[in-house]
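Grab a pencil and work through the exercises below with the model open beside you. Each one has a task, followed by a solution in steps.

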Amino acid sequence: MSPDEFRTLMSGFPTGVSVVTATDPEGAPRGMTCSSVCSVSLDPPVLLVCLRYESPTLDAVLRSGAFAVNLLHAGARESAELFASGNPHRFKLVPWECDKEAAGPHLVADAHTVTDCEVVLTQRMGDHVTVYGEARRVIRRAEPWPLLYGLRQFHAWPPRPED
């Protein structure tokens with residue numbers, strides 16, 4: 001199966017959109033759009049993210065041993081595209097903060113919820129690495145009205161029907 005055929009297969013499985021962030025050892029923020037996020041365990045609270053093997057974000061995650069998962073809200077399409085683009089100046093184009101307890105930069109205007117995670121396990125498969133992270137802190141910034149990705153397009157969660 002070619003990569004394009006596999007992308008077509010997976011495009012029919014809509015998913016939420018996040019930006020995974022970390023800080024490299026020199027203190028530079030790193031981040032990439034990620035739709036491969038999955039809960040693994042409630043006790044302990046563990047999730048997984050799949051990151052491209054040669055990405056600077058993965059390098060920062062592995063070297064710092066921590067990462068943040070920014071769950072994007074429906075109005076954050078531009079940031080999802082920015083962090084998928086490889087633009088080296090992406091953190092100059094969006095508001096973010098990284099307090100002393102943060103595992104990576106928090107996208108304060110674009111994420112409805114952020115969780116800070118500690119790396120507990122990694123596994124390489126082909127051109128990606130699955131990173132398992134134990135959630136240490138969750139910050140809810142807004143009502144979760146998530147951004148979705150499917151059929152190679154971004155969409156907002158459908159509006160709630162009137163009661």
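How many of the 163 residues of the chain, as a percentage, count as buried? Before solving that, some ground rules: this is a predicted model, where local features need pLDDT of at least 70, side-chain atom pairs count only at pLDDT 80 or more, and totals for chains, interfaces and linings use all residues. Residues are numbered from 1 along each chain as its sequence is written, and side-chain values use heavy atoms, with hydrogens and water left out.

**Exercise 1: the whole chain**

Task: settle the question above, then describe the overall build.

Solution.
- Start with the cut-offs: buried is under 20% relative accessible area, exposed is over 50%, and partly exposed is in between (1.4 Å probe, protein chains only). By that yardstick, 39% of the 163 residues are buried.
- Next, list the elements, taking helices (H or I, at least four residues) and strands (E, at least two) as DSSP runs numbered from the N terminus. You should get three helices and ten strands, in the order α-β-β-β-β-β-α-β-α-β-β-β-β from the N terminus.
- Now check the radius of gyration, which is 15 Å and close to the 15 Å of the globule rule for 163 residues, so the chain is as compact as a globular protein of that length. The radius is taken over C-alpha atoms, and the rule is 2.2 Å times the number of residues to the power 0.38.
- Along the principal axes, the C-alpha atoms fill a box of roughly 45 × 40 × 40 Å.
- Finally, look at contacts (heavy atoms within 4.5 Å). Of those between residues at least 6 apart in sequence, 62% join residues at least 24 apart.

**Exercise 2: a three-stranded sheet**

Task: work out the strand order in the open sheet that contains E9, and find its edges.

Solution.
- As a reminder, strands of a sheet pair through backbone hydrogen bonds, either parallel or antiparallel. Here two strands pair if DSSP finds at least two bridges between them.
- Take E1 (residues 15-16) and E9 (residues 147-150): they run antiparallel and are joined by two bridges. Gly-16 has Leu-148 as its bridge partner in E9.
- Then go from E9 to E10 (residues 153-156), an antiparallel pairing with four bridges. Leu-147 is partnered with Ala-156 in E10, and Tyr-149 with Phe-154.
- Put together, the order is E1-E9-E10, with antiparallel pairing. The edge strands are E1 and E10, as each pairs on one side only.
- Don't skip the turn: the E9 and E10 hairpin has two residues between its strands, and Leu-151 there takes a positive phi near 50°.

**Exercise 3: two residues of E8**

Task: is His-128 buried, exposed or partly exposed, and what does Ala-135 touch?

Solution.
- Find His-128 in strand E8 (residues 128-140). Its relative accessibility is 30%, so His-128 counts as partly exposed.
- Leave out neighbours within four places in sequence, and His-128 is in contact with Cys-50, Leu-51, Arg-52, Tyr-53 and Gln-123.
- For a sense of distance, try Asp-99: it is 29 residues from His-128 in sequence and 29 Å away in space, C-alpha to C-alpha.
- Move along to Ala-135, also found in strand E8. Ala-135 has a relative accessible area of 21% and is partly exposed.
- Not counting residues up to four places away in sequence, Ala-135 touches Pro-45, Thr-115, Asp-116 and Cys-117.
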